[in-house]
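Here is a short note to go with the model you asked about. Please keep the structure open beside it as you read.

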Amino acid sequence: MEEKIRVKRPHRLNMEDRKRIDFTGITDVVSFDPVKVVLESDYGHITIKGEGLHVNRLSVEKGELDLDGRVDSVCYSEAGMKNKQDSFMNRLLR
């Protein structure tokens with residue numbers, strides 16, 4: 001049985017004046033509306049909250065996303081990462 005090796009995409013966030021954010025390393029857009037955008041990366045979910053949020057450019061193939069609007073918070077969470085990693089017990093029993 002072949003073991004598939006998953007390489008993490010490099011992730012970068014560049015914010016300018018709390019009005020514009022450029023991301024790299026995005027694997028999916030989970031949800032978006034004018035007050036909350038939820039993204040998925042190899043490093044977990046990213047939740048951006050604010051007002052007038054608008055996705056200007058999205059390239060899932062390249063993993064890039066540009067966002068405009070007033071940014072109030074950017075929060076990273078481990079949600080969604082469990083399925084991509086082996087459980088602790090599986091790694092112990094190898």
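**Notes for a first look**

1. Let's begin with one pair of charged residues: Glu51 and Arg70 form a salt bridge, with their closest N and O atoms 3.4 Å apart. Glu51 belongs to strand 5 and Arg70 to strand 6, so this pair ties together parts that are 19 residues apart in sequence. Please bear in mind that this is a predicted model.

2. Both partners can be placed with respect to the surface. Glu51 has 46% relative accessibility and so counts as partly exposed; Arg70, at 40%, also counts as partly exposed. Arg70 has a further partner in Asp72, and their side chains meet in a salt bridge of 2.8 Å, N to O. Asp72 is partly exposed too, with a relative accessible area of 39%.

3. Now for the chain as a whole. It has one helix and six strands, and from the N terminus the order is β-β-β-β-β-β-α. Of its 94 residues, 30% count as buried. Among contacts with a separation of 6 or more, 45% come from residues 24 or more positions apart. The accessible surface is about 6900 Å², and carbon and sulfur atoms account for 52% of that.

4. Which residues make up the largest nonpolar core? There are 12 residues in all: Ile21, Phe23, Ile26, Val29, Val37, Leu39, Ile46, Ile48, Leu53, Leu65, Leu67 and Val71. The elements giving two or more residues to this core are strand 2 (20-24), strand 3 (26-33), strand 4 (36-41), strand 5 (44-59) and strand 6 (64-77).

5. Ile21 is a good core residue to click on. Beyond its neighbours within four places in sequence, Ile21 is in contact with residues including Met15, Ile48, Leu65, Leu67 and Val71. Met15 lies in strand 1 (residues 12-16) and, at 37% relative accessibility, counts as partly exposed. Together with Leu13 and Tyr76, Met15 forms a nonpolar patch on the surface, with about 250 Å² of accessible area in total.

6. Back to the charges: the count comes to eight salt bridges. In one of them, the side chains of Asp66 and Arg20 meet at 3.5 Å, N to O. Asp66 lies in strand 6 and Arg20 in strand 2, so the pair ties together parts 46 residues apart in sequence.

7. Is Asp66 buried or exposed? Asp66 counts as buried because its relative accessibility is 7%, under the 20% limit. Arg20, at 29%, counts as partly exposed. Both residues belong to a network of salt bridges that also links Asp22, Arg57, Glu64 and Asp68.

Technical notes: Residues are numbered from 1 along each chain as its sequence is written. This is a predicted model: local features need pLDDT of at least 70, side-chain atom pairs count only at pLDDT 80 or more; totals for chains, interfaces and linings use all residues. Side-chain values use heavy atoms; hydrogens and water are left out. A nonpolar core is a set of buried Ala, Val, Leu, Ile, Met, Phe, Trp, Tyr and Cys residues joined through side-chain atoms within 4.5 Å. Buried means under 20% relative accessible area, exposed over 50%, partly exposed in between (1.4 Å probe, protein chains only). Helices (H or I, at least four residues) and strands (E, at least two) are DSSP runs, numbered from the N terminus. Contact means heavy atoms within 4.5 Å. Patches are made of residues with over 30% relative accessible area and no salt bridge: like charges are joined within 9 Å, nonpolar side chains (Val, Leu, Ile, Met, Phe, Trp, Tyr) within 5 Å. Accessible areas come from the Shrake-Rupley method with a 1.4 Å probe; for residues, only the protein chains shown count as cover. A salt bridge is a side-chain nitrogen of Lys or Arg within 4 Å of a carboxyl oxygen of Asp or Glu.
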